[in-house]
Amino acid sequence: MANENEINSPEEQALADEWAAALEETGDAGQSDIDALLAADSGAGRLPMEEFASSPKPNENVSLEGPNLDVILDIPVSISMEVGSTEINIRNLLQLNQGSVIELDRLAGEPLDVLVNGTLIAHGEVVVVNEKFGIRLTDVISPSERIKKLR
């Protein structure tokens, strides 16, 4: 008759070695403790781990449909419009005061960049809606291109 605590496969041996190493770190590990933990672990009916789907290939279409997207739909994001930008040295920055004009890298009438969490998603033009500024989107980057930019 075979002993209950006997290790039959290389997988069980590897698991026993892991438990032994972990119990040695805690201090009072004996073989009986290891055997008890192995017996409890083998009865748990472990299932194989599921592998994540591989990320889409660059030429593969990315879809926004599916159950995985539902998890993130209610997460708030920061949206901003960028009129333009420029670089100045610290000396000029310290000399700025009320009424100073900073020249930007955009031409007048050129579309603004619409950024979500710092990522470009569209271009648009300024409009006034109920005495507040707004933006009319003139060119929106496709969802698949937006997802590619996030990687």
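I'll start at one pair of residues: Val116 stands opposite Thr119 in β3. This is a predicted model, so please hear everything that follows as computed from it.

That pair belongs to the strands here. Strand β2, residues 112–116, and strand β3, residues 119–129, pair in the antiparallel sense over 5 bridges. Both sit in an open sheet of 4 strands, ordered β1-β2-β3-β4, with antiparallel pairing. At the edges are β1 and β4, the latter covering 132–140, and each of these pairs on one side only. From one strand to the next, the twist averages 40°.

Now the whole chain. The protein has 5 helices along with its 4 strands. Along the sequence, the pattern reads α-α-α-β-α-β-β-β-α.

Next, the surface. Of the 151 residues in the protein, 15% are buried. The protein exposes about 13,000 Å², and carbon and sulfur atoms supply 53% of that. As for contacts, take those between residues at least 6 apart in sequence: 33% of them join residues at least 24 apart.

There is a nonpolar patch on the surface, formed by Val83, Ile88, Leu93, Leu96, Ile102 and Leu104. Together these residues have about 490 Å² of accessible area.

One member of the patch to look at is Ile88. Where is Ile88 found? In the loop between β1, residues 79–82, and α4, residues 90–94. And is Ile88 buried or exposed? Ile88 has a relative accessible area of 43%, so it counts as partly exposed. A patch residue needs over 30%, and Ile88, at 43%, has that.

That's what I have on this one.

Notes:
Residues numbered from 1 in each chain as written. Predicted model: local features only at pLDDT ≥ 70, side-chain atom pairs only at ≥ 80, totals over all residues. Heavy atoms only, no water. Helix = DSSP H or I, 4+ residues; strand = E, 2+ residues; numbered from the N terminus. Buried < 20%, exposed > 50% of the residue type's maximum accessible area, 1.4 Å probe, protein only. Contact = heavy atoms within 4.5 Å. Areas by Shrake-Rupley, 256 points an atom, 1.4 Å probe, with all protein chains shown as cover. Patch = residues over 30% accessible without salt bridge, like charges linked within 9 Å, V, L, I, M, F, W, Y side chains within 5 Å. Salt bridge = Lys/Arg side-chain N within 4 Å of Asp/Glu carboxyl O. Pairing = 2+ DSSP bridges. Axes fitted to C-alpha atoms, helices over the stretch in contact; angles between N-to-C directions.
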